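Student: I would like to go through this structure with you and ask, for each term we use, what justifies it.
Tutor: Then let us look at it together and set each value against its cut-off.

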Amino acid sequence: MPERSPGGEDTPGRSSAGGTGPSLRVLLTAGLLAAAVLPLAVFGGILVAARLYTDDRIVVPLLIAAVVVAAFFGLVMAAVAIAGLTAPLRRITTAVERVAAGEPGPPIHLPGDDELARLAESHNRIAAEVQRRNRELGTLLLAIAGYSPALGLRALASQAESDACSIYGLIDCNVQLGDPAEILLEEAVPGDPRPVKAEIRAGGETLGVLTGHLPATRAWERANQDLLDLFASEVGVALRNVELFGQIESQNARLLELDAAKDEFLRGVSHNLQTPLTSIRAYVEQLQAASDEAARDRRLQIVGEQADRLTRLVRQLLTVTRLEAGALRPEVEVIAMGPRVRRAWEGLNAAGTAFELRDESRGWLGVADPDQIDQVLWALLDNAVKYGGRDGKVEVEINVDDTIDRLHVTIVDHGPGVPEADRARLFTRFSRGAALTSGDGTGLGLYVSRQLLLTMGGELWLEPAGEGRGAAFTLSLQGEPPGDDG
Amino acid sequence: MSEHRPRRILLVDDDASLLVVLSEQLRDDGYEVATARDGLEALRRLEAGWPDLILLDLMMPRVDGLALARRIKAEADLPIIVLSAIDTADSKARLLDEVAEDYVSKPYHYPELRARIQRVLRRLGDRIPRRSLVLGPNLTLDLHKRSATVAGAEVRLTPTESRLLQPLAANLGEIVSTETLLSRGWADTEEADPSYVWVSMRRLRQKIEVDPDRPVHLVTVRGVGYRLVASDGDA
């Protein structure tokens with residue numbers, strides 16, 4: 001067995017080497033024939049000459065000379081024939097090696113119509129095809145390299161369409177995004193340009209389809225389809241990058257915005273925390289100097305009020321943190337809102353502002369977390385005093401809507417009202433408007449109030465602007481009728 | 001319950017200036033006050049003698065408030081009020097349901113703190129068991145955890161609801177007057193009136209009765225008050 005196998009492999013090798021054999025054999029035969037016929041002719045000539053000059057002595061030298069001359073010419077002709085054969089073969093070999101190396105040279109032109117000429121023709125075709133594919137691949141890579149995510153989805157899709165057309169020689173190239181199952185593709189009609197398509201994919205997900213039409217004169221091979229698929233998948237990756245790029249861009253913008261808003265907010269908050277602290281310090285210093293009892297009491301009261309204000313501001317900030325962490329769990333109780341509002345008002349110490357409470361609750365109780373509803377009432381009443389003008393009155397009305405079991409508390413001031421431009425973002429957190437317009441609050445009061453109410457099943461809204469009043473906010477709570485029906 | 005002997009309060013906080021001010025305020029109101037700056041000092045004071053109530057900061061160096069409260073509760077049923085910058089909205093505060101009777105958040109208002117202390121001390125007479133109270137197949141109360149199990153499902157009780165149920169549970173089957181419930185539930189709310197009790201009882205019934213329209217456990221005694229009764233569930 002070991003001895004047999006080399007011999008077995010040898011045979012096909014020899015026969016394939018003989019593939020170029022016939023024309024080689026023909027040429028060789030011609031050369032050898034020439035080499036054989038020429039000495040015969042010379043020999044014949046000498047015999048004829050020997051007949052004419054029958055000098056026997058010179059016959060033998062003449063014969064020898066004739067054989068030498070004939071052999072010489074025969075060898076020369078054989079050499080010429082072999083040289084004429086191997087030169088084109090060498091050219092073809094070199095050219096094929098260049099094709100194999102991926103750098104096809106210029107086409108080879110051989111005279112005639114024999115096997116060698118046909119071999120040269122095949123080489124030329126292959127070389128041209130390789131060159132065309134190389135060009136295609138080059139333009140394809142160049143095109144793909146130019147797909148910057150900053151182009152945007154639309155521009156990139158239309159760029160890909162024109163590239164597909166120019167690279168593959170297609171017409172009507174079209175990038176359709178969406179579920180490929182839902183994209184209708186036309187059927188091939190004989191004689192018309194043939195539709196071709198490739199799925200646009202990115203990371204295992206199909207984003208859409210690239211379609212085009214192949215002119216009827218052109219062939220479409222497996223290799224073309226493979227290359228189009230490759231192109232389509234690169235387009236898919238580029239499109240996905242556009243998407244991601246857009247997300248990063250918008251997140252960046254949002255972060256910058258938030259950052260700026262937080263900076264502004266922090267400036268506002270630290271200012272607003274400093275205000276009561278400053279007055280506490282000032283009054284304490286005065287207290288130390290004050291001699292008369294009444295003046296001392298008054299100053300102590302102010303110190304207490306400012307400390308309360310500080311406490312509430314800090315609590316509001318803490319509430320924001322909790323709201324963001326989702327850690328706020330209200331403990332709802334039943335509450336008579338009338339007395340609650342009055343107490344919140346008294347806690348505000350807004351002695352310079354008139355206050356009117358109309359309690360139409362008819363004994364209905366509101367459902368809310370007592371601590372949190374106090375925060376809400378304080379923020380809303382504080383706003384009403386702040387924005388209500390110098391001697392504006394603050395009015396509060398409590399109503400019951402017994403068809404939906406809701407209790408409504410409306411707080412009205414007589415200031416200029418909320419500017420149209422601020423209405424939309426009034427309840428948003430860190431909104432520039434809120435931070436800028438805040439007088440001496442955190443600018444978070446309305447946001448915190450509304451969020452607190454939402455966690456308790458309540459709502460807070462701004463009433464439409466009305467004649468004869470400023471801003472009007474209504475907070476709505478679940479209501480409970482009085483009495484026990486159990 | 002002797003009303004002659006002054007009530008003793010152990011005040012545990014790492015803020016020295018607060019210890020000074022608060023113990024002065026408490027002494028002015030007739031309490032006997034001992035102070036501790038951290039958990040270890042508090043434990044040493046407890047070895048010397050038990051107070052009637054502990055006022056405890058949650059965040060302290062060396063044995064934090066929660067660990068201290070657990071150690072105390074493991075030894076005796078001593079009422080604890082947590083005084084802390086963390087308030088009830090915090091998740092950590094939830095853990096305190098099992099160990100603390102009440103919370104007061106910092107910065108506190110002294111009158112409110114005093115009201116809570118009084119309420120907790122008054123409630124000492126109620127003898128609330130720190131264990132489950134099974135009232136029937138569909139209702140189990142765990143008042144010390146502020147929770148109830150209704151038809152197999154756990155229901156959270158608000159602090160007020162739990163305060164209302166305590167006198168009812170302590171006097172199981174007997175009538176507790178609306179006035180008593182009002183004073184237990186809303187000791188520190190001036191504007192509270194009997195409608196608070198009526199409405200809260202109606203809401204409580206929605207929570208703990210399987211059929212709130214035909215209550216079997218929380219029964220109204222018209223014009224007088226309420227009774228909490230054990231029942232096998234059939235109305």
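Tutor: This is a predicted model, and we can begin with a single residue: with 17 C-beta neighbours inside 10 Å, Arg91(A) counts as partly exposed.

Student: What makes Arg91(A) partly exposed?

Tutor: A buried residue needs 20 or more other C-beta atoms within 10 Å and an exposed one has 12 or fewer, so the 17 neighbours of Arg91(A) place this residue in between. Arg91(A) belongs to helix α3 (residues 56-100) of chain A, and its C-alpha lies 9.0 Å from that of Ala120(A), although the two are 29 residues apart in sequence.

Student: How do you know where the prediction of chain A is confident, and where is confidence lowest?

Tutor: The mean pLDDT of chain A is 80, and 88% of its residues score at least 70. Helix α1 (residues 4-17) of chain A has the lowest confidence, with a mean of 39, whereas strand β8 (residues 406-412) of chain A has the highest, at 96. Over residues 1-22 of chain A pLDDT stays under 50, and the model has one contact beyond four places in sequence for them; over residues 432-438 of chain A pLDDT also stays under 50, with 16 such contacts in the model. Where pLDDT is low, the predicted coordinates should not be read in detail.

Student: What makes β7(A) and β8(A) a pair?

Tutor: Pairing requires at least two bridges, and β7(A) and β8(A) have seven, in the antiparallel sense, so the criterion is met. One of the facing pairs is Asp401(A) with Arg406(A) in β8(A). The two strands form a hairpin with four residues between them, and Asp405(A) in the turn has a positive phi of about 55°. Strand β7 (residues 394-401) of chain A is also joined by five bridges to strand β5 (residues 355-359) of chain A, this time in parallel, with Arg358(A) opposite Glu397(A) in β7(A).

Student: Which parts of chain A supply at least two residues each to the side that touches chain B?

Tutor: The contact takes 20 residues from chain A and 20 residues from chain B. On the side of chain A, α7 (293-325), β4 (333-335) and α8 (337-348) each supply at least two residues, and by class this side has eight nonpolar, four polar and eight charged residues.

Student: Turning to chain B, why are β2 and β5 of chain B said to stand at the edges?

Tutor: The open sheet of five strands in chain B has the order β2-β1-β3-β4-β5, with parallel pairing. β2 (32-36) and β5 (102-105) of chain B each have a single partner strand, so one side of each is left without a neighbour in the sheet. From one strand to the next the twist averages 20°. Helix α1 (residues 16-28) of chain B packs on this sheet, where it touches β1 (8-12) and β2 of chain B, and its direction makes about 165° with that of β2(B). Helix α2 (residues 39-48) of chain B lies across β1 and β2 of chain B, at about 140° to β2(B). Strand β4 (residues 80-84) of chain B pairs with β5(B) in the parallel sense over four bridges, and Ile81(B) has Asp102(B) in β5(B) as its bridge partner.

Student: What is the order of the open sheet of three strands in chain B?

Tutor: The order is β10-β12-β11 (chain B), with antiparallel pairing, and the edge strands are β10 and β11 (218-221) of chain B, each of which pairs on one side only. Neighbouring strands of this sheet are turned by 35° against each other on average, direction ignored. β10(B) and β12(B) pair over three bridges, and Val176(B) stands opposite Tyr226(B) in β12(B).

Student: Why are the buried residues of α7(B) said to lie on the same side?

Tutor: In helix α7 (residues 178-185) of chain B, the buried residues are Thr178(B), Leu181(B), Leu182(B), Arg184(B) and Gly185(B). They cover an arc of only 165° around the axis, which puts them on the same side of α7(B). Among the elements that cover them are α6 (159-170), β10 (175-177), α8 (194-208) and β12 (225-228) of chain B. For chain B as a whole, buried residues make up 37% of the 235 residues.

Methods
Residues numbered from 1 in each chain as written. Chains lettered and ligands numbered in written order. Predicted model: local features only at pLDDT ≥ 70, side-chain atom pairs only at ≥ 80, totals over all residues. Arc of directions from axis to C-beta. Contact = placed C-beta atoms within 7 Å. Nonpolar A, V, L, I, M, F, W, Y, C, P; charged D, E, K, R; others polar. Axes fitted to C-alpha atoms, helices over the stretch in contact; angles between N-to-C directions. pLDDT = per-residue confidence, 0-100.
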